[in-house]
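The following exercises are to be worked with the sequence and the three-dimensional model at hand. Each task is followed by a stepwise solution.

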Amino acid sequence: PIKPIPLEKGADHTLALLTEGYLFISNRSRKFGSAVFQMRLLGQKVICMAGEEAAALFYDESKFRRKGAVPKRIQRSLFGEKAIQTLDDGEHKRRKALFMSLMSPAQLQSLNIYVTEEWRGAVREWEQQETVEFFKEAEHLMMRVACRFAGVPLKKEEVESRARDMGAMIDAFGGMGPRYWKGRTARDNSEEWIEKMVKGVRRGLLPAIPGTALFEMSWYTQPDGKKLPSRLAAVEILNIIRPIVAIGRYITFGAVAMHEHPETRSALSDGPPDFSTWFAQEVRRYYPFGPFTGARVRKDFIWKDYEFKKGTLVLLDLYGTNHHPDLWEEPEVFKPERFYGWSGSPFSFIPQGGGEYEMGHRCAGEWVTVEVMKASFDFIVRRLDYDVPAQNLQHSLVRMPSIPKSRFIIQNIRLID
Ligand code: HEM
């Protein structure tokens with residue numbers, strides 16, 4: 001027997017989603033006592049779901065596709081048009097293999113070196129300043145790292161404005177009005193900047209190093225023998241650079257966690273070697289970043305007596321799954337030790353999506369993220385000395401993406417040699 005999917009009343013819930021943010025889906029799941037419910041977004045019926053089983057369903061590619069799932073407004077600000085996030089099947093697998101080829105152990109090793117070098121350089125400058133806004137500086141620092149990793153030349157005087165553009169694209173996804181438009185302008189600027197480089201590489205005017213995103217995306221040939229259109233190559237190079245800058249948010253949340261839970265700071269310096277992994281995982285679980293991801297039903301199917309009709313947009317609650325009371329003990333407590341002996345699951349811990357890297361849409365940069373976070377936390381704990389003045393470190397669960405209110409101000413910064 002087919003059961004009706006619980007339906008949230010009302011003509012449209014777009015505004016409610018933007019005003020309730022990260023808790024929108026879990027608030028309603030709780031109200032309905034159901035892992036699945038329906039609502040209306042921008043005029044269309046949408047199914048929302050959360051939890052491990054829902055995630056396993058969502059990443060079953062025979063049931064879902066990405067075509068038509070990412071709204072144009074998000075493509076024009078956050079991801080770029082026609083990018084990997086919108087592809088399916090063979091085309092997606094080929095593009096994904098291209099992305100994953102940039103994440104070789106050798107590349108990750110270089111990345112670790114860039115992170116430590118850039119941290120040292122940044123802190124030398126922070127020492128000259130009275131106060132530092134950690135979040136802004138972390139984005140600048142990550143912009144330098146991202147461009148070195150991607151093989152993209154970045155002049156010293158460009159760092160601030162280019163990093164601001166990456167930050168604006170990220171900051172736009174839950175924004176309306178000026179915050180959204182800043183993201184769109186930032187995307188136009190950034191695509192133009194990188195597209196010029198792609199053209200330069202192709203004309204032999206700009207040297208590029210094999211194995212970097214700039215080289216590989218510029219020279220990649222599709223099965224029809226053609227290269228990616230230069231604008232699309234730029235979009236995909238930005239799909240490496242922008243999310244590396246986004247790690248600055250997790251680093252900021254991690255630094256705040258160390259401040260608010262000083263015992264984690266001691267454990268990072270003197271605790272078991274695995275503690276840094278548990279800490280990075282708990283930062284990614286506990287703090288909000290990606291709220292949900294979406295796909296469309298590929299063909300009609302029935303799941304748990306609910307009917308999923310072809311073409312319906314389905315949102316998987318990432319934040320809600322990472323805080324799901326059936327999956328996590330005391331989910332609202334920050335507790336890195338919970339990852340001690342954690343067996344891992346492709347569907348219960350999904351800050352960067354679930355399933356497999358090669359086959360599905362799980363984040364191509366998850367290892368990069370964890371590596372960069374660990375190297376950064378290690379640097380902060382061992383090499384950085386600073387004071388934290390009184391400030392509001394709360395983060396909102398409504399504003400998407402979230403960040404501590406004060407953006408973490410630090411003072412009296414010293415590099416420990
Ligand atoms: C996809 C989150 C860092 C590259 C995704 C998805 C999420 C995500 C939620 C979509 C999963 C889905 O729709 O099923 C994050 C977060 C990051 C991060 C929170 C931390 C800052 C990175 C980094 C890179 C990266 C560092 C690259 C170096 C990508 C790419 C995709 C993706 C290329 C598209 C994969 C596909 O469609 O197959 N990420 N990501 N991300 N991410 Fe990340």
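**Exercise 1.** In which helix does Tyr286 lie? Determine also whether Tyr286 is buried or exposed.

*Solution.* The structure is a predicted model. Tyr286 belongs to helix H13, which spans residues 275–286. To classify the residue, count its C-beta neighbours: Tyr286 has 20 inside 10 Å. A residue is buried if 20 or more other C-beta atoms lie within 10 Å of its own; Tyr286 therefore counts as buried. Finally, Val333 is 47 residues from Tyr286 in sequence, yet their C-alpha atoms are 7.9 Å apart in space.

**Exercise 2.** Establish the strand order of the open sheet of three strands, and identify its edges.

*Solution.* The order is S4-S10-S9, and the pairing is antiparallel. Strand S4 (131–133) and strand S9 (384–387) each have a single partner strand, so both stand at the edges, with one side left without a neighbour in the sheet. On average, neighbouring strands are turned by 50° against each other, direction ignored. Between S4 and S10 (residues 409–415) there are three bridges; Val132 has Ile410 in S10 as its bridge partner. Helix H7 (residues 134–150) packs on the sheet and touches S4 and S10, its direction making about 65° with that of S4.

**Exercise 3.** Classify the crossing of helices H8 and H9.

*Solution.* The axes of H8 (residues 159–171) and H9 (residues 178–202) come within 7 Å and cross at roughly 135°. H8 is therefore oblique to H9. The crossing is left-handed. Contact residues include Asp165 and Met169 of H8, and Arg179 and Ala186 of H9. The contact comprises three nonpolar, three polar and five charged residues.

How values were computed
Residues are numbered from 1 along each chain as its sequence is written. This is a predicted model: local features need pLDDT of at least 70, side-chain atom pairs count only at pLDDT 80 or more; totals for chains, interfaces and linings use all residues. Two strands pair if DSSP finds at least two bridges between them. Helices (H or I, at least four residues) and strands (E, at least two) are DSSP runs, numbered from the N terminus. Axes are lines fitted to C-alpha atoms, for helices over the stretch in contact, and angles run from 0 to 180 degrees between N-to-C directions. Two residues are in contact if their C-beta atoms, placed from the backbone, lie within 7 Å. A residue is buried if 20 or more other C-beta atoms lie within 10 Å of its own, exposed if 12 or fewer, and partly exposed in between; C-beta atoms are placed from the backbone. Angles under 35 degrees count as roughly parallel, over 145 as roughly antiparallel, 65 to 115 as roughly perpendicular and the rest as oblique. A crossing is left-handed if the near helix is turned anticlockwise from the far one by less than a right angle, and right-handed if clockwise. Ala, Val, Leu, Ile, Met, Phe, Trp, Tyr, Cys and Pro count as nonpolar, Asp, Glu, Lys and Arg as charged, and the others, Gly among them, as polar.
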